[in-house]
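Welcome! Take a moment to look over the sequence and the model, and then let us walk through a few places together.

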Amino acid sequence: MTDPSEHLLALKVMRLTRPTLISSQIITAEAKDLPQNTFAGILKSSATTVQDCETLAAGQFMQLPQSFGNIYLGETFSSYVCVHNCRAHPVGNVSVKADLQSNNTRINLPIHVDKQGPVVLHPDETLDDVIHHEVKEIGTHILVCEVSYMTPAGLESSFRKFFKFQVVKPLDVKTKFYNAETDEVYLEAQIQNITVGPICLEKVELESSEQYTVVSLNNLPSGESVFSQRTMLQPMNSCQFLYCIKPLPAILNDPMALKAANNIGKLDIVWRSNLGERGRLQTSQLQRSPIEYGDLRLTVIEANSTVKIGEGFDFKCRVTNTSERSMDLLMNLNTNAKVGCGYTGQTEISLGPLEPGKYKEFSLTVCPVRLGLITITNLQLTDVFMKRKYEFDDFVQVFVVDEDYQEDDFQLDKYVRYSIPQSV
């Protein structure tokens, strides 16, 4: 291939980007110091200073881009491609092809889509277009532009030009998962601005997978966002977002499906630079830590948070077989196992056969004998087949009050949680 300078056509490629904001740098000295005149001359000749007010920093100025520059992941790469006929005779069958090559992919960028085919460029005529592409990969990218044409002698000729640039991360996203006592999962997402300028977070949403639903906890009870109307982040600053993820009922009632449903969803983030350039970043699929179940799982599904002393306290439990074998279960609640137990009553129930992945519900009744917060503990489940015992401790708590207690006096429901799933 011959050198491009020897070809009949000239190719120019320019990146389209917004200008940047700069501030004047004021350096002065005392009149008696030797550099005073030098500094004063520099200030007067600078384009960022105001005439007769050179020692005042009068706002910011726009500066045109000085280089091809870096591009942030999620931004739209825009480039102006121009082919010019710099000869004194027409050039026929002119066509331009643009490819964007990264470390892993090579993408053909649409260019001159309104042209039906190769065109003829007369002297001093230009064939130009603007190409756009949203970059979705970090690392080195190369824009390859190839120009093909037919010489007046009828020979096919072509040449290429390469333009290399870097795509870097604009945001650092860190996530933490918190497993609640119930099957809810809380996600904390910390987003940090690692660009060189301020950005505005336009949208931060968690798109849940098919097994979960998402509730955003970033709004006040009135519906107003906990953040300002515009979430601005200066360079290296960060902010946190919180979400509650709940399994769907079909998944919640199937321990095996819940154990396998580790994909939570994806974070979708849209931001704008200080001059309005839009960028979009979507994380990969976020995964919670695998849920480790034993052979049996016990959950309290119905219980009062407050009871009166001396009155029977009823609560409803659910036991799920999370093993891979069938069981024949016998349940025993022993209230005399610990010294100073705050309740009385003893129950023994045969739950019968329980297949893998299935559950059974049963009700229990105890009688509290002392005031204050008491904990129901020492529930035994025995697998008659294997002669194996499973013990569950501290699986429900209740607040015991005297007979004169009025429900309007103290809303304990806000403070006492009774559903504490346990697996053994």
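## A starting point on one strand

Let us begin with Glu 361, a residue of strand β27, which covers residues 359-368. Keep in mind as you look around that this is a predicted model. Is Glu 361 buried or exposed? The answer falls in between: Glu 361 is partly exposed, because its relative accessible area is 34%, and buried would mean under 20% while exposed would mean over 50%.

Which residues does Glu 361 touch, leaving aside its neighbours within four places in sequence? They are Ile 301, Lys 316, Cys 317 and Arg 318. Cys 317 is 44 residues away from Glu 361 along the chain, yet the C-alpha atoms of the two are separated by 5.6 Å.

## The chain as a whole

Now step back to the full chain. Its secondary structure consists of three helices and 32 strands. Of its 424 residues, 38% count as buried. The chain exposes about 24000 Å², with carbon and sulfur atoms supplying 49% of that area. Among contacts between residues at least 6 apart in sequence, 72% join residues at least 24 apart.

## A three-stranded sheet

One open sheet is made of three strands in the order β22-β31-β28, and its pairing is mixed. Strands β22 and β28 stand at the edges with a single partner strand each, so one side of each has no neighbour in the sheet. From one strand to the next, the twist averages 40 degrees. Strands of a sheet pair through backbone hydrogen bonds, in either a parallel or an antiparallel way. For β22 and β31, the pairing is parallel and runs over three bridges. One pair to look for is Val 307 with its bridge partner in β31, Val 400.

Here are the residue ranges of the three strands:

| Strand | Residues |
|---|---|
| β22 | residues 306-308 |
| β31 | residues 396-401 |
| β28 | residues 372-376 |

## Nonpolar cores

The largest nonpolar core has 52 residues, and Leu 9, Val 83, Leu 143 and Leu 201 have the most contacts inside it. Strand β6 (residues 91-101) gives the largest share of this core, five residues. Both domain 1 (9-16 + 67-168) and domain 3 (171-287) contribute residues to this core, so it lies between them.

Val 83 is a good residue to zoom in on: not counting residues up to four places away in sequence, its contacts include Leu 9, Val 94, Leu 121 and Val 147.

Apart from the largest core lies another, of 29 residues, including Val 366, Ile 376, Val 396 and Val 398.

Definitions and conventions
Residues are numbered from 1 along each chain as its sequence is written. This is a predicted model: local features need pLDDT of at least 70, side-chain atom pairs count only at pLDDT 80 or more; totals for chains, interfaces and linings use all residues. Side-chain values use heavy atoms; hydrogens and water are left out. Two strands pair if DSSP finds at least two bridges between them. Helices (H or I, at least four residues) and strands (E, at least two) are DSSP runs, numbered from the N terminus. Axes are lines fitted to C-alpha atoms, for helices over the stretch in contact, and angles run from 0 to 180 degrees between N-to-C directions. A nonpolar core is a set of buried Ala, Val, Leu, Ile, Met, Phe, Trp, Tyr and Cys residues joined through side-chain atoms within 4.5 Å. Buried means under 20% relative accessible area, exposed over 50%, partly exposed in between (1.4 Å probe, protein chains only). Domain bounds come from an automatic or database domain assignment. Contact means heavy atoms within 4.5 Å. Accessible areas come from the Shrake-Rupley method with a 1.4 Å probe; for residues, only the protein chains shown count as cover.
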